[in-house]
Amino acid sequence: MTQEIYLTGITTTGTPHIGNYVGAIRPGVDASKDPRKKNYYFLADYHALAKCGDPDNISQSTLEIAAAWLALGMDVDNAVFYRQSDIPEIPELTWILTSMTAKGLMNRAHSYKAAVQANVEGGNNDPDKGITMALYSYPILMAADILMFDATKVPVGRDQKQHVEMARDIAQRFNHHFGDVLVVPEAVIDDDMAVLSGLDGRKMSKSYNNTIPMFAPEKQLRKLIMKIKTNSLEPGEPKQVEGSTLYDIYKAFATPEETAEIEKLYVEGIAWGAMKQKLFEHINDHLGPARDEYERLIADPAVVEAELLKGAARAREVAAPKLDKIRNAIGIRKLR
Ligand code: TRP
């Protein structure tokens, strides 16, 4: 059997939070250390352009996300870790794929449809108001990310599943016309992946502004945890773990034994204030050592930059010959 190739990207907007950590970063760092796995991880900064027009946000986010992965011990010798915009072959492939992707396929993208619906519901005359071609073609750039490296498995959150399916459609159509050149990828969705709730109890997400930054300084971390919404049960009253954001977050950072211990305290009626203090100490112990390394990297971006460039060189060793093959297949060739 041929070796599976894993590839996943993370869009560089905003500060990484503990929801990103539990959902994508922690499993990614673990997988990066597995010598049996071929892994590609990259910072999708061209994708960030489709979502964010603030240059400082994009560049700061790129630094923070890269520093976070490195501080947590991503194995950059085993995995290939790079920044999308350092690989010029990716936008080239994007254009090639754009010329053979049906417009109708893009019309069906959930992210585009949601933007149109928001316009219609907002009473706008123009359903496409404010929608850029980058938002519209977002799945094609994502297909290029994936197909560039012959990825077979693409670990993503549920919201990205359709995009991976579109990459499959695009690859199949390409192969149908030009021969077997592209590898047809598959989405990998972890059904028991913890989706963390945020401060207000809704899903933790930068768009809800309810996040706990992964490497918030100790004081801020404590302050944020103290803000997490609870119900109004008094100390001593038994409490339910179901629907408790404090419990869910604790569990995402705990062993089964530690979780069982907390369940016992809930039954015994632990005060919310005491539970918050426990959660703070637990997360602080867990992420504290990596936070020191993170702060060191943020203060010395040249170290991060050098890692990314090393990764880009390795990625291009794969991307450049692949692009040659693709160009050749479609008739963009040297004349001879
Ligand atoms: N669109 C993805 C997100 O917002 C990030 C991403 C870009 C990605 N390119 C990718 C994920 C390729 C997997 C594979 O989460």
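**View 1. The shell around the ligand, by residue class.** Eight nonpolar, five polar and two charged residues make up the shell around the ligand. The model shown is predicted. In total, 15 residues surround the ligand. The closest of them are Thr11, His47, Tyr138, Asp145 and Gln160.

**View 2. Polar side chains at the ligand.** Tyr138 places a polar side-chain atom 2.7 Å from a nitrogen atom of the ligand. For Asp145, a polar side-chain atom likewise lies 2.7 Å from a ligand nitrogen. Lys51 has a side-chain N or O atom 3.4 Å from an oxygen atom of the ligand. The ligand alone would expose 370 Å². Of that area, the protein buries 91%.

**View 3. Elements that line the ligand.** Two strands and two helices each give two or more residues to the shell: β1 (5-11), β2 (38-44), α2 (45-51) and α7 (133-147). The protein has 13 helices and five strands.

**View 4. The fold that holds the ligand site.** The C-alpha trace spans about 85 × 50 × 40 Å along its principal axes. The radius of gyration is 22 Å, which agrees with the value near 20 Å for a compact globule of 336 residues. Among contacts with a separation of 6 or more, 78% join residues 24 or more positions apart.

**View 5. Surface and interior of the protein.** Of the 336 residues, 47% count as buried. The protein exposes about 17100 Å². Carbon and sulfur atoms supply 52% of that exposed area.

Definitions and conventions. Residues numbered from 1 in each chain as written. Predicted model: local features only at pLDDT ≥ 70, side-chain atom pairs only at ≥ 80, totals over all residues. Heavy atoms only, no water. Near = heavy atom within 4 Å. Polar contact = N/O pair within 3.5 Å; in protein donor to acceptor, adjacent residues only side chain to side chain. Areas by Shrake-Rupley, 256 points an atom, 1.4 Å probe, with all protein chains shown as cover. Helix = DSSP H or I, 4+ residues; strand = E, 2+ residues; numbered from the N terminus. Nonpolar A, V, L, I, M, F, W, Y, C, P; charged D, E, K, R; others polar. Rg over C-alpha atoms; globule rule 2.2 N^0.38 Å. Buried < 20%, exposed > 50% of the residue type's maximum accessible area, 1.4 Å probe, protein only. Contact = heavy atoms within 4.5 Å.
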